[in-house]
Structures are given as structure tokens and as C-alpha cells.
Amino acid sequence: MEPADMTNHGDDALSSRTGAPDGDDRLSEDRSLLQQRLAVRELIDTEVSYLHVLQLCASDIRSRLQQLPQGDLDVLFSNIDDIIKVNSRLLHDLQETASREEEQVQLIGNAFLEFQEELEQVYKVYCASYEQALLLVETYRKEPELQREIQGIIEAVLPQAGPSGLSFLLVIPLQRITKYPLLLQKILENTLPDASAYTVLQRATSALQDVVTNINEYKRRKEVASKYTKVEPLSLRERLARINTHTLSKKTTRLSQLLKQEAGLVPRTEDKEFDDLEERFHWVSLCVTELKSNVAAYLDNLEAFLRFRPQDYNLEIPEGPVVQYCYLARDLQLQAFPEFKQQLEAQVWQPLCSLAKALAGPQNLIKKRLDKLLDFERVEEKLLEVGSVTYEEEAARHTYQALNSLLVAELPQFNQLAMRWLGQILCTFVILQRDLAKQVLQRAEDSLAQLPHHHLSEPAFRKLVEDALGQTSHQLRSFQENFEKVLPPPTTQPLLPGAERQVQALLSRYGPGKLYQVTSNISGAGTLDLTLPRGHIVALLQNKDTKGNSSRWLVDTGGHRGYVPAGKLEVYHVVPSEEELRGQERPHRDSQHQTPEPISAPVPSVPAVTQVVAMYPFMARSSHEVSLQAGQRVTVLEAQDKKGNPEWSLVEVNGQRGYVPSSFLARAPSPAPWGWSLPS
């Protein structure tokens with residue numbers, strides 16, 4: 001033994017015999033240092049094992065569970081890839097500390113302080129979806145065959161999972177994040193208080209405890225929010241079934257609180273931060289709603305445009321530019337436009353519908369927050385007055401605080417994401433329009449070169465088109481004016497059976513200028529509103545109601561008086577009597593040569609005929625129709641067409657047979673005041 005060793009050995013022996021405190025302190029320090037190194041080793045070794053299990057879950061197990069839907073896999077494994085990335089970097093930094101043993105503990109504390117925010121962010125997301133993942137596990141257990149397949153895959157990759165299977169895998173990240181503060185606390189307990197690493201370890205331990213607390217609070221908020229974000233399409237009966245004394249009491253209390261705030265009896269809670277976020281969210285919702293409405297109209301117009309195919313018909317136009325147009329139009333209709341419509345629906349319409357659907361959850365939360373705010377304000381008032389609240393009232397306070405905190409924390413991110421999503425949809429729409437224009441111009445390039453005006457400059461061609469359109473519009477206006485001259489006047493509905501007596505009474509009392517006919521069925525909604533069938537005759541008493549509303553007219557039906565919509569009435573034209581017709585026809589006949597009327601051949605198959613009068617002139621438009629003059633006597637052969645449609649009648653006029661509108665005909669009147677007679 002060397003002298004120095006002997007000296008040291010002698011000193012140790014002396015210290016042990018005399019019970020010197022220096023020896024005890026050194027022994028305690030050595031023991032603490034050993035425990036500290038063991039705790040550090042446990043931290044790093046368990047991190048390696050934990051990360052290995054996560055990688056097996058993400059690679060082997062997830063890839064073998066192909067019998068599960070992709071949506072289920074997304075819920076079960078959540079953001080496990082993000083957790084692997086963060087923990088891999090953390091493990092790398094922890095392993096790097098081994099090369100600097102004297103500073104290792106301090107470096108470990110600094111590493112956890114550096115990863116505090118990232119750990120909280122990724123584990124928040126995982127913990128928020130954990131309950132939903134457990135619900136999926138429960139559904140799998142109800143299918144024994146599927147459960148056996150899942151269990152077999154997990155045991156083949158991770159035998160230590162045991163019979164717990166998926167439940168064992170899902171809980172591992174939750175257990176790990178809650179264990180970090182315990183591992184750091186163990187290292188801290190074996191670190192001398194006067195060591196430089198002690199303060200850093202204290203901060204790291206406290207930081208990881210805060211991470212766990214924040215994750216638990218975030219999970220609780222998510223659970224509260226998930227309760228109110230579900231949109232249930234309930235019927236009126238189901239809604240009424242949910243009403244009970246408790247819900248009525250809550251709604252009455254909230255209404256009372258709101259009324260007191262409106263009256264200024266109690267102050268309203270102001271939250272400028274949330275109000276700004278809510279206003280921005282409503283603007284985003286409005287933009288999405290407007291864009292969805294516009295895109296829907298655009299798709300409808302595009303569908304109508306695709307149905308219009310003049311190139312498929314014989315236009316009876318000489319060959320030339322028309323042939324080129326038909327060829328190009330067929331080409332575009334078969335490929336370019338259908339592809340554009342398909343891409344528009346897939347890349348614009350469907351994402352837009354998904355975005356609109358994603359807005360429903362926050363909208364419900366914002367609405368529910370207002371209800372919970374009224375509960376919160378009422379409880380706060382009671383707390384100030386009484387000093388205590390019930391368990392249920394305390395739960396209401398916590399619910400509002402959870403909802404408000406969640407909205408304030410996540411609504412800015414949601415608004416930003418929704419705006420980015422909306423901007424991407426608009427950019428996609430513009431790109432699709434641009435690509436369509438390029439494709440059309442590319443396909444039309446050969447056809448354009450063969451057009452007679454391809455040599456003109458753009459201003460000259462624009463001038464040519466404007467002149468041509470102006471000339472065509474003038475021709476269309478002239479055609480419209482000529483067409484209106486030969487168009488029949490607005491049709492009136494035929495009289496209801498047995499209505500002659502009622503019409504005569506109204507005529508004798510009010511005169512023909514006050515008579516109107518109902519154009520469609522009227523269902524009275526109010527006590528003074530009338531319910532009338534289509535074709536009913538009424539007399540106008542006043543063209544507005546007592547409030548001055550000109551859309552509701554006061555009428556007389558001959559037995560009842562009441563209000564009807566003015567838009568469902570039109571002037572009734574009284575058919576002149578037979579004597580008046582003869583008086584109008586006599587001068588005309590005297591001025592012309594007498595021509596014998598053709599005698600119609602009898603048709604045995606035609607049933608009993610009816611004599612009527614044409615109320616309006618009618619111009620035949622085909623060989624199946626026959627023309628009429630107003631007041632002309634007509635013989636009805638069949639009161640319907642071959643398909644049984646009563647809107648057209650087969651008639652005989654001056655020896656000619658054909659179809660005329662049934663609404664142009666009325667029963668042949670006999671001499672009586674106003675052209676009507678009482679029924680016999």
C-alpha cells in the first residue's frame with residue numbers, strides 16, 4: 001500500500017471511530033449521486049423503450065390493421081407521428097448529455113424546458129381524441145371475430161401488450177407524459193440544493209407539472225365542447241319530449257337575466273377579446289355562405305348550358321362557319337366542359353361544403369356560450385350576495401369558463417385556418433377557369449383560322465359583333481311586337497259548375513267592371529281570409545286592407561266577404577249575350593256576299609255534342625288545331641284530347657274540326673241581362 005493510501009485509510013478509520021460528520025456527509029453525497037445517476041439512467045432507458053413501442057404502433061401495427069376503416073385508424077393512432085418526431089428529438093438531446101457527465105443533470109433540465117411547449121401541444125391533441133378512441137375499442141369488442149384479428153396482430157408485434165390489446169397501446173402516451181414530472185422529481189430529490197443544476201431541475205419539474213395540468217384542463221374543455229358541438233336533427237316531437245321542468249326553469253332564469261340586462265338593472269359582462277373573435281368568425285361564416293350560394297348557382301347555370309346543344313340539330317344553314325362551330329361545340333361538349341364541371345364539383349364545391357359543415361360546431365359553441373354566460377352572471381351575483389353556491393351552480397360556472405377559454409384559445413386558429421381554406425378554394429376556382437379558357441382557345445385555334453373574320457383585329461372584330469348584335473336585337477324586337485299582336489289575351493279559368501246564378505247576382509249588384517276570377521286555389525290563413533277554389537268569381541269591394549296593404553283585397557263571393565291575395569286575381573271578362581253578338585255580326589254580314597256554310601258530315605262515333613261560345617280569338621298553329629273568332633258558336637265534340645287532358649277540347653267550327661284551349665270556351669248563353677240566364 002502506498003503511503004498516501006495508508007494515510008487516507010488511516011483518516012477514514014479515525015473518522016469512523018470518532019463519528020466525524022465529514023465522513024457521513026461524503027457518504028450521503030455519494031449515495032445521492034448514485035441515486036441521481038440511476039434516476040437519469042431510468043429516464044433515458046424508459047424513453048428509449050417508449051419510443052420503440054410508439055414506432056412499432058405507427059409502422060407495424062397500424063399497417064397491419066387494414067381491415068379497419070381509415071377514419072378509425074386516424075382516431076385510434078391520432079397524431080402519434082407528431083409525438084414520435086418530438087420525442088425522438090428529446091431522446092437525442094437526452095442521450096447527448098451522457099458525454100458531459102458533470103453537467104448532465106443541468107442539461108437534462110434545460111432540455112425539458114426547451115421541449116415544454118412542443119410536448120404540451122402534441123399530447124394535448126392525443127389526449128383530446130383518447131375518449132373517442134376508447135369508444136371505438138368498445139365497438140370492436142362487440143364483434144368477436146374482428147376483436148380476435150386485432151388481438152392477434154398486436155400480440156404478434158408486442159407480446160407484452162397481453163389481453164388488453166388496443167387499450168394497452170392507447171394509454172401508453174398518456175402514462176408517459178404524466179410520468180415525466182415524477183422522473184424529474186426523483187432526479188431533483190437526489191440533487192444537492194446548493195448545486196447549480198438544482199434550480200434548473202426545479203423549473204423543469206414545475207414546467208412538466210404545468211404541462212400535465214394544462215393537458216387535463218384542455219381535455220376537460222374538449223369534453224364540454226363535444227357535448228355542445230353535436231348537431232342533432234330533431235323533429236318537433238323529439239324537441240317537445242326533451243322539455244321538462246328543469247329545462248323550463250333554466251330557460252326562464254336565462255330570459256329573466258337577459259331582460260334585466262336589457263333594462264339596465266344588472267351590468268352585462270364585457271369581453272372585448274371574445275367579441276372581436278366572434279365578429280371575425282361571423283364574417284368568415286358569411287363569406288362561406290355567400291360563396292356556397294354563388295357556386296351552387298354557377299353549377300346550375302353550367303348544367304343548363306350543357307343541356308343546350310344547338311349543334312345537335314339541323315340548323316338549315318348553308319355550310320361555312322356554322323359547320324366549324326358545330327364541330328367545335330361538339331368537341332367541347334363531349335370533353336372540355338364535362339371535365340371542367342367534374343373538377344369544379346370535386347375541387348371547389350365539395351371542399352366548400354366541408355368548410356360550411358366545419359363551421360357548424362363553432363357556431364353551436366358560440367351560441368351555447370351565451371346561454372352559459374347568463375348562467376355564470378347569475379351565479380356570480382348570488383356569490384356576491386350570499387357568499388356560497390350549490391354544486392350545480394359551481395358546475396355551471398366551470399362550464400362557462402371552460403367554453404370561454406376554449407373559444408378564446410382556438411377561435412383565432414380556426415378563423416385563420418378557415419380563411420386559408422376559403423382562399424385556397426377561390427384560387428382553385430380561378431385556376432380551373434383559366435385552364436378552361438386555355439383549353440377552349442387551344443381547341444378552337446384551327447377552327448378560328450377558317451372563319452371569314454379571323455384576319456380582323458380585336459377592336460374591329462368587337463365592332464363587327466356589336467353591329468351584328470344590334471341589328472339582330474332590332475329584328476327580335478320587331479318579331480316580338482308582331483307576335484304580341486296575334487297572341488291571345490291572358491286566359492281565364494272556366495266557370496265552376498253551377499256558378500251562373502252566383503255570377504248573375506254579382507253582375508246585377510256590382511257590374512262587370514268589379515268582377516275578378518281566382519287563378520289558383522286560395523287557402524285562408526287568418527280569420528278574415530277566404531278559402532276559394534280556382535276559377536271562382538268574386539266582386540272587388542276594396543283594393544287594400546284596413547292597414548293599407550294593397551296586396552290583400554276585400555272581395556265579395558256572393559255569400560261571404562273577406563280578404564284574398566291580389567296576386568291570385570285577374571279581371572273576369574263577361575261574355576256578351578247572343579243578341580249582342582248578332583247585332584255586332586249583322587252589319588258585317590250585310591256588307592259581304594252571302595256564302596253558304598258548309599254542312600258537316602255526321603260522325604256516328606262522336607258522343608253527344610255541346611254548343612258553346614268562343615270567348616277569345618284563337619289562331620291555329622298546326623293542322624291539329626282550328627282557328628276561332630270571339631263570340632263564334634262552337635260545337636264541342638270531346639271535352640278532352642286523346643290523352644284525356646281537359647285543357648284542350650275537340651270542336652267543330654264552320655265544318656272544320658280541330659283542338660282549341662278549353663279555357664277559351666264558355667257555355668252558349670241565351671238572351672238575358674249581362675249575357676247570363678238563370679238555370680231552369
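## Close-ups of a predicted model

**Figure 1. The whole chain at a glance.** The secondary structure here adds up to 19 helices and 10 strands. Keep in mind that this is a predicted model. The chain has 680 residues, and 34% of them count as buried. If you take the contacts in the chain with a separation of 6 or more, 68% of them come from residues 24 or more positions apart.

**Figure 2. Two cysteines, and no disulfides anywhere.** How many disulfides does a search of the whole structure find? The search comes back with zero. As a reminder, a disulfide is a covalent bond between the sulfur atoms of two cysteines. Two cysteines are worth a look here. Cys 127 has 5% relative accessibility, so this residue counts as buried. Cys 287 is partly exposed, at a relative accessible area of 36%.

**Figure 3. The largest cavity and what lines it.** Rolling a probe the size of a water molecule over the atoms shows where empty space is left. In this structure there are two cavities of 30 Å³ or more. The largest cavity holds about 60 Å³ of space. Its lining is made up of Leu 54, Cys 57, Leu 76, Phe 77, Ile 80, Tyr 126, Leu 166, Leu 169, Leu 170 and Pro 173. Three helices each supply at least two residues of that lining: α2 (21-64), α3 (70-77) and α9 (166-189). Which helix gives the most to the lining? That would be α9, with four residues.

**Figure 4. An open sheet of five strands, β1 to β5.** Read across the sheet and the order is β4-β3-β2-β1-β5, with antiparallel pairing. The edges are β4 (561-565) and β5 (569-571), each of which pairs on one side only. From one strand to the next, the twist averages 50 degrees. At the β5 edge, three bridges tie this strand to β1 (residues 515-518), the two running antiparallel. One pair to pick out is Tyr 516, whose bridge partner in β5 is Val 571. Helix α18 (residues 500-510) lies across β1, β2 (537-542), β3 (552-556) and β4. Relative to β2, α18 runs at about 25 degrees.

**Figure 5. Strand β3 and its two partners.** Is β3 largely enclosed or left open? Four of its five residues are buried, so β3 is largely enclosed by the rest of the structure. On one side, β3 is joined to β2 by three bridges, and the two run antiparallel. Here Leu 540 has Val 555 of β3 as its bridge partner. Five bridges join β3 to β4, again running antiparallel. Val 555 turns up in this pairing as well, with Gly 562 of β4 as its bridge partner. In a regular strand the side chains alternate between the two faces of the sheet. The hairpin of β3 and β4 has four residues between the strands. In that hairpin, Gly 558 takes a positive phi near 95 degrees.

**Figure 6. Leu 528, a loop residue that meets β4.** Look for Leu 528 in the loop between β1 and β2. Is this leucine buried or exposed? With 56% relative accessibility, Leu 528 counts as exposed. Leaving aside neighbours within four places in sequence, Leu 528 is in contact with Gly 562 and Tyr 563. Gly 562 is the β4 residue that bridges to Val 555 in the previous view. As for Tyr 563, this residue sits 35 residues away from Leu 528 along the chain, yet their C-alpha atoms are separated by 6.1 Å.

**Figure 7. Another open sheet of five strands, β6 to β10.** The strand order in this sheet is β9-β8-β7-β6-β10, and the pairing is antiparallel. Which strands stand at the edges? They are β9 (656-661) and β10 (665-667); each has a single partner strand, so one side of each is left without a neighbour in the sheet. Neighbouring strands of this sheet are turned by 50 degrees against each other on average, direction ignored. Further in, β6 (residues 610-614) and β7 (residues 633-638) pair in the antiparallel sense over four bridges. To find this pairing on screen, start from Val 612, whose bridge partner in β7 is Val 634.

Key: Residues are numbered from 1 along each chain as its sequence is written. This is a predicted model: local features need pLDDT of at least 70, side-chain atom pairs count only at pLDDT 80 or more; totals for chains, interfaces and linings use all residues. Side-chain values use heavy atoms; hydrogens and water are left out. A disulfide is a pair of cysteine sulfur atoms within 2.5 Å. Buried means under 20% relative accessible area, exposed over 50%, partly exposed in between (1.4 Å probe, protein chains only). Two strands pair if DSSP finds at least two bridges between them. Axes are lines fitted to C-alpha atoms, for helices over the stretch in contact, and angles run from 0 to 180 degrees between N-to-C directions. Contact means heavy atoms within 4.5 Å. On a 1 Å grid over the protein atoms alone, a cavity is a set of points where a 1.4 Å probe fits but cannot get out, and a pocket is an open set with protein on both sides within 12 Å along at least five of seven lines; lining residues have an atom within 4 Å of a point. Grid points are joined across faces, edges and corners, and a volume is the space filled by probe spheres set on the points.
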